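Thanks, everyone. I will keep this to one topic, the salt bridges, and go through a few of them pair by pair.

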Amino acid sequence: MCFVEKVSKDINPFRMNVSKAAQALYLLSGELGLRYANGNKKIMRGGSEASKHAVDASAGLVEAIALTDIEIVRIDLDLLDIMMTWDQLSDFEKPSTNEAQKSDTTKTSDNAGHSLAKPARAATSWMGDTGVFSASKLQTGVFSRLPSANIEEMFNRMTSVDVKAGQVIIHQGAEGDYYYLIENGTAVVSRITEAGQPPTILAELHAGDAFGEEALVSDNKRNATITMKTEGALLKLKKTDFIELLKAPLISQITMEEARKLTANGSIWVDVRFPSEYQFDHLPKAINIPLNELRSLIPTLDKQKEYIVYCQTGRRSSASAFVLVEQGFRVQVLQGGTRGSKV
Ligand SMILES: Nc1ncnc2c1ncn2[C@@H]1O[C@@H]2COP(=O)(O)O[C@H]2[C@H]1O
């Protein structure tokens with residue numbers, strides 16, 4: 001996530017920011033001269049009390065110059081903010097020990113002796129001890145775009161299931177019912193493209209990966225089969241909860257008029273229909289990234305650009321948008337598709 005960098009005398013360490021993300025620096029050794037917009041000047045020395053606080057380029061700092069060779073640690077402010085949000089959430093309203101014991105107690109049967117699903121752990125417990133979250137997932141995945149209240153609620157509503165090697169979690173062609181996060185274990189994504197032929201392996205998914213979103217977002221059938229390769233644990237979220245907590249806030253819909261303004265300013269139309277549909281008619285300057293090839297074509301897209309995805313109805317484009325948001329892209333959906341808009 002961050003590492004120690006050496007910066008030579010007379011260099012502004014903020015100029016060496018290759019990621020262009022907003023950053024803070026911690027000074028480990030050497031002397032750093034700082035000049036602020038209000039005219040204040042400071043010399044910070046590594047190891048001093050002052051150097052325990054971050055130097056934040058966004059806080060009125062006009063200039064920073066290394067007065068000697070220095071050592072720094074650079075931190076991405078967005079990532080820091082996301083991690084602090086998580087830290088606060090996992091510390092938020094911790095139940096008293098008795099309450100915690102009550103909510104963690106696994107009730108295996110109701111009064112009539114029927115077996116019940118394993119109850120969810122407390123939300124705070126998911127956040128603290130699940131293997132679902134890595135710094136990179138927090139930084140670029142769906143969780144980086146979700147309001148923290150939704151993340152907490154999502155964990156409240158998720159249930160945990162233990163799964164065995166060989167267990168099929170999703171069958172291609174079935175109705176979509178749940179969204180899944182892999183807490184631990186490995187799953188294989190496969191698809192049958194021709195009847196009677198063996199399935200094609202599309203991908204392997206690991207702890208922290210999610211699946212099962214496409215049928216829920218697009219109201220379609222499952223487009224692949226997901227089979228556990230190892231034993232593991234999954235977190236699952238019901239379709240209605242997924243739509244409310246993830247789809248609604250993550251997929252931003254815009255009208256044709258808004259889309260035209262954005263494309264005039266550099267945003268890119270992406271037609272997610274099949275190539276034959278695209279060739280028949282497409283919006284001016286639109287590129288074609290068919291939904292079924294989206295994952296393999298993602299490396300051809302540019303994260304600095306904004307994409308406006310469209311299809312005829314908004315269904316396939318919503319599914320594409322969700323996958324792109326998961327990968328850290330800025331994306332909008334043409335509301336109602338071309339059918340619902342004046343083209
Ligand atoms: N190429 C792929 N790589 C990774 N996951 C995939 C791929 N194709 C399909 N999936 C996942 O497999 C899931 C099958 O169910 P869904 O269609 O709901 O959502 C699908 C995606 O989450």
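I start with D302 and K305, which form a salt bridge with their closest N and O atoms 3.6 Å apart. Keep in mind that this is a predicted model. D302 is partly exposed, with a relative accessible area of 30%. K305 is partly exposed too, at 35%.

Next, the pair E5 and R74. Here the closest N and O atoms of the salt bridge are 2.9 Å apart. E5 sits in strand β1, residues 4–7, and R74 in strand β7, residues 70–76, so this salt bridge ties together parts that are 69 residues apart in sequence. Are these two side chains buried or exposed? E5 has a relative accessible area of 15% and counts as buried, because the cut-off for buried is under 20%. R74 is buried as well, at 9%.

Strands β1 and β7 come up again with another pair. The side chains of K6 and E71 meet in a salt bridge, 2.9 Å from N to O. K6 belongs to strand β1 and E71 to strand β7, and the two residues, 65 apart, link distant parts of the chain. As for accessibility, K6 is exposed, with a relative accessible area of 65%. E71 is partly exposed, at 25%.

Not everything comes as a simple pair. E153, R157, D241 and E244 are linked in a network of salt bridges.

And how many salt bridges are there in the whole structure? The search finds 19. As general background, side chains of opposite charge can pair when their charged atoms come close.

That is all from me.

Technical notes: Residues are numbered from 1 along each chain as its sequence is written. This is a predicted model: local features need pLDDT of at least 70, side-chain atom pairs count only at pLDDT 80 or more; totals for chains, interfaces and linings use all residues. Side-chain values use heavy atoms; hydrogens and water are left out. A salt bridge is a side-chain nitrogen of Lys or Arg within 4 Å of a carboxyl oxygen of Asp or Glu. Helices (H or I, at least four residues) and strands (E, at least two) are DSSP runs, numbered from the N terminus. Buried means under 20% relative accessible area, exposed over 50%, partly exposed in between (1.4 Å probe, protein chains only).
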